[in-house]
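Please open the structure in a viewer and keep the sequence beside it. The tour below proposes one selection after another and describes what is found at each stop.

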Amino acid sequence: MYFDDVNKKYILLDIEGNSAKKEEERKITQFAALVFHNGEIEEINLMNRNVNYINPYVRRMTHISVNKCKNIGCSERRLVEEVHKLLTSCDKIYAYGCDFDRKILELMFNKYNLKQLEQPIIDVIEDVSKYLSPSKLKLSIASNEYGFSTTEYHNALVDCYATLHLMKTIESVRSISK
């Protein structure tokens, strides 16, 4: 259903951002993706070293600090260019609750004069709502109720795996109901 053609390149992404009130101050803090191609899964996990502030609540939730971004991150321009290259080279893009992801990608691509995505980002939350019955659609609650357990939600890579878990659960439910 989701990754059914091994010859195609599929991306499951999640983005964490600084959530600044002013649009021109918004930044991607962390971009993560699982890339499915030729029967293999590749992890992408990029951090932005140009981030100067992460509020304490977000630091506790994500386990991401400004120091971590500065030590292992790349420049914002390089991060955005790599994300653009990755996303424009794939056949399908998935994300969970992707309004924020769409908006920040559009903003960052505009900032660096990069072409906007032609392919849509498919929101997995719609399938979770249609095929599963979580008490809430919040990723941490829905994935927990279907057997994914972690304390590190809001880390983009962890959220990719939580979404993948829900996608596999949906595929199981759909195959049983056929």
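With which residue does E118 form a salt bridge? The partner is K115, and the closest N and O atoms of the two are 2.4 Å apart. A salt bridge here is a side-chain nitrogen of Lys or Arg within 4 Å of a carboxyl oxygen of Asp or Glu.

Before continuing, please note the basis of the tour. This is a predicted model, in which local features need pLDDT of at least 70, side-chain atom pairs count only at pLDDT 80 or more, and totals for chains, interfaces and linings use all residues. Residues are numbered from 1 along each chain as its sequence is written, and side-chain values use heavy atoms, with hydrogens and water left out.

**Colour by confidence**

The pLDDT (the predictor's confidence in each residue, from 0 to 100) averages 91 over the chain, and 96% of the residues score at least 70. Select helix α1 (residues 56-62), where confidence is lowest at a mean of 82, and then strand β4 (residues 92-95), where it is highest at 98. Helices (H or I, at least four residues) and strands (E, at least two) are DSSP runs, numbered from the N terminus.

**Salt bridges**

Return to E118 and K115. E118 counts as exposed at 63% relative accessibility, and K115 is likewise exposed, at 54%. Buried means under 20% relative accessible area, exposed over 50%, and partly exposed in between (1.4 Å probe, protein chains only). Next select K27, E76 and K111, which are joined into one network by salt bridges that share partners. The structure holds 6 salt bridges.

Now move to helix α3 (residues 76-88), where E81 and R77 are 4 residues apart, about one helical turn. These two form a salt bridge with their closest N and O atoms 3.4 Å apart. Both are partly exposed: E81 has a relative accessible area of 36%, and R77 is at 42%. In helix α3, R78 and E82 are also 4 residues apart, and their side chains meet in a salt bridge of 2.7 Å, N to O.

**Aromatic pairs**

The structure holds 5 aromatic pairs. Rings of Phe, Tyr and Trp (its six-membered ring) pair if their centres lie within 6.5 Å; planes under 30 degrees apart count as stacked, over 60 as edge-to-face and the rest as tilted. Select Y2 and Y94, an edge-to-face pair with 5.4 Å from centre to centre and 85 degrees between the planes. This pair links distant parts of the chain, since Y2 lies in the segment before β1 (10-17) and Y94 in strand β4, 92 residues apart. Y2 is buried at 3% relative accessibility, as is Y94 at 2%.

Then select F3 and Y10, whose ring centres are 5.6 Å apart and whose planes stand at 75 degrees, so this pair is edge-to-face. F3 is partly exposed at 21%, whereas Y10 is buried at 3%. Finally, add F36 to the selection: Y2, F3, Y10, F36 and Y94 form one aromatic cluster.

**A buried aspartate**

The last selection is D123, in strand β5 (residues 121-123). Which side chain of opposite charge is nearest to D123? It is R102, 5.2 Å away; D123 is buried yet has no salt bridge. The side chain of D123 does reach the backbone nitrogen of C98, at 3.2 Å. Leaving aside residues up to four places away in sequence, D123 touches A95, Y96, G97 and C98, where contact means heavy atoms within 4.5 Å.

Note on methods: Lys, Arg positive; Asp, Glu negative; His and termini not counted. Polar contact = N/O pair within 3.5 Å; in protein donor to acceptor, adjacent residues only side chain to side chain.
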